[in-house]
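Subject: Structure for you to look at

Hi,

Here is the structure I promised to send over. Have a look at it first, then read my notes below.

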Amino acid sequence: MLTARSIALFAVAALLEIGGAWLIWQGVREHRGWAWIGAGVISLGAYGFVATLQPDAEFGRILAAYGGVFVAGSLAWGMVADGYRPDRFDVIGALICLAGVAVIMYVPRR
């Protein structure tokens, strides 16, 4: 159950962080304005809170593992939100990152 909770928290954190960064990108680069930027800042702040809810207490481990989730999530976000089509090397890299997440977070330790 802790693993399922951890995975769900990583997914929520990814939505908030990647979504927040995308909102700021839209506000600045696509000239959508301050409301988009403000929503992005709020979303990024919420991401920071969600990351603290992980069952593991090690900050470094959580953020290192989340880096792999961020890589894969960013590619997925780009596909959904911007029509980005990753090539096979993008996909291979994302899978390697997710394998790293699994090793860092879910391999049994003594």
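One thing that caught my eye is Glu17: this residue is buried but has no salt bridge. The nearest side chain of opposite charge belongs to Arg29, and that is 17 Å away. Keep in mind that this is a predicted model.

So where does Glu17 sit, and what is around it? You'll find Glu17 in helix H1, which runs over residues 2–29. Leaving out neighbours within four places in sequence, Glu17 is in contact with Leu44, Tyr47, Tyr66 and Phe70.

Tyr66 turns up again in the largest nonpolar core, which has 14 residues. Phe10, Tyr66, Val69, Val101 and Met105 are the ones with the most contacts inside that core. Helices H1, H2 (34–51), H3 (59–82) and H4 (88–106) each supply at least two of its residues. H1 gives the largest share, with five.

Val101 is a good residue to click on next. Val101 lies in helix H4. Is Val101 buried or exposed? Its relative accessible area is 7%, and anything under 20% counts as buried, so Val101 is buried. Setting aside residues up to four places away in sequence, Val101 touches Phe10, Ala65, Gly68, Val69 and Tyr106. With the same kind of neighbours set aside, Val69 touches Phe10, Ala14, Leu98 and Val101. You can also try Val101 and Ala13: they are 88 residues apart in sequence, and their C-alpha atoms are 14 Å apart in space.

Now back to charges. Side chains of opposite charge can pair when their charged atoms come close. How many salt bridges are there in this model? The count comes to one. Asp56 pairs with Arg61 in a salt bridge, and their closest N and O atoms are 3.0 Å apart. Asp56 counts as partly exposed, at 22% relative accessibility. Arg61 counts as partly exposed too, at 26%.

Last, the database record. An unreviewed UniProt entry has the annotation "transmembrane region" for residues 33–50, 62–79 and 91–108. In the model, residues 62–79 are 100% helix and 0% strand, with the end C-alpha atoms 26 Å apart. Residues 91–108 are 89% helix and 0% strand, and there the end C-alpha atoms lie 27 Å apart.

Have fun exploring!

Conventions
Residues numbered from 1 in each chain as written. Predicted model: local features only at pLDDT ≥ 70, side-chain atom pairs only at ≥ 80, totals over all residues. Heavy atoms only, no water. Helix = DSSP H or I, 4+ residues; strand = E, 2+ residues; numbered from the N terminus. Buried < 20%, exposed > 50% of the residue type's maximum accessible area, 1.4 Å probe, protein only. Lys, Arg positive; Asp, Glu negative; His and termini not counted. Salt bridge = Lys/Arg side-chain N within 4 Å of Asp/Glu carboxyl O. Contact = heavy atoms within 4.5 Å. Core = buried A, V, L, I, M, F, W, Y, C linked by side-chain atoms within 4.5 Å. UniProt positions renumbered as here; feature names shortened; annotations may be inferred.
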